[in-house]
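Welcome! Here are a few short exercises to help you find your way around a new structure, each followed by a worked solution.

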Amino acid sequence: KAYEKALIGGETSLVLSPDSEFFKFFGKSMNRDKVFYEDLITAIGLLFFIEGLFLAIFPSRIKSMLELIKNTDENRLRSFGVIFLIIGFLMIWYIKS
């Protein structure tokens with residue numbers, strides 16, 4: 001309310017210093033977004049690296065594992081997926097907290 005009353009009329013200017021709290025606040029927000037995207041790209045890159053490493057070192061073993069997965073019941077695969085999802089989430093949560 002105080003700003004509304006003070007800035008009424010067309011002859012009022014508001015000058016902010018580049019090192020004011022206003023810009024520091026928004027700078028922190030932008031920095032968090034940058035860190036998030038850097039972490040996301042790092043995580044995806046690490047995923048590709050590990051997948052590629054296993055494919056390059058153990059191609060025949062990967063093929064036999066894929067055949068085994070193909071013959072596994074979908075509910076069992078889903079259960080394994082949920083377990084790995086929870087383990088991954090807990091690992092990330094532990095590291096980030």
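**Exercise 1. Find out what mean pLDDT the protein has, and where confidence is lowest and highest.**

Solution. Start with the whole chain: this is a predicted model, and its pLDDT averages 84. Next, look at the spread: 78% of the residues score at least 70. Then go element by element: helix H1 (residues 2–6) has the lowest confidence, with a mean of 65, while H3 has the highest, at 94. Keep one reading rule in mind: where pLDDT is low, the predicted coordinates should not be read in detail.

**Exercise 2. Work out how many helices and strands the protein has, and how much of it is buried.**

Solution. Count the elements: there are four helices and zero strands. Walking along the sequence gives the pattern α-α-α-α. Now turn to the cover: of the 97 residues, 2% count as buried. Finally, take the accessible surface, which comes to about 9,600 Å²; carbon and sulfur atoms make up 69% of that surface.

**Exercise 3. Check the spans of H3 and H4 against 1.5 Å a residue.**

Solution. Take H3 (residues 59–70) first: its 12 residues reach 17 Å from the first C-alpha to the last, close to the expected 16 Å. One of those 12 residues is buried, so H3 lies largely in the open. Move on to H4: its 23 residues should span 33 Å, and its end C-alpha atoms are 32 Å apart, which agrees. As for cover, H4 has hardly any, with zero buried residues among its 23.

**Exercise 4. Locate the salt bridge and say which parts of the chain it ties together.**

Solution. Searching the whole structure turns up one salt bridge. Its partners are the side chains of Lys96 and Asp39, at 2.6 Å from N to O. Lys96 sits in helix H4 (residues 74–96) and Asp39 in helix H2, so the bridge ties together parts that are 57 residues apart in sequence. Now compare each partner with the cut-offs: Lys96 has 58% relative accessibility, and over 50% means exposed. Asp39, at 34%, is partly exposed.

**Exercise 5. Which residues form the nonpolar patch on the surface, and is Phe49 buried or exposed?**

Solution. List the members: Leu46, Phe49, Ile50, Leu53, Phe54, Ile57 and Phe58. Together they offer about 670 Å² of accessible area. Pick out Phe49, which belongs to helix H2 (residues 21–57). Its relative accessibility is 53%, so Phe49 counts as exposed. One idea helps when you look at such a list: an α-helix has 3.6 residues a turn, so residues three or four places apart point the same way.

**Exercise 6. Decide how the rings of Phe36 and Tyr37 are arranged.**

Solution. The structure holds two aromatic pairs. For Phe36 and Tyr37, the ring centres are 5.2 Å apart and the planes stand at 70°, so this pair is edge-to-face.

Conventions. Residues numbered from 1 in each chain as written. Predicted model: local features only at pLDDT ≥ 70, side-chain atom pairs only at ≥ 80, totals over all residues. Heavy atoms only, no water. Phe/Tyr/Trp six-rings, centres within 6.5 Å; stacked < 30°, edge-to-face > 60°. Patch = residues over 30% accessible without salt bridge, like charges linked within 9 Å, V, L, I, M, F, W, Y side chains within 5 Å. Areas by Shrake-Rupley, 256 points an atom, 1.4 Å probe, with all protein chains shown as cover. Salt bridge = Lys/Arg side-chain N within 4 Å of Asp/Glu carboxyl O. Helix = DSSP H or I, 4+ residues; strand = E, 2+ residues; numbered from the N terminus. Buried < 20%, exposed > 50% of the residue type's maximum accessible area, 1.4 Å probe, protein only. Expected span 1.5 Å × (residues − 1). pLDDT = per-residue confidence, 0-100.
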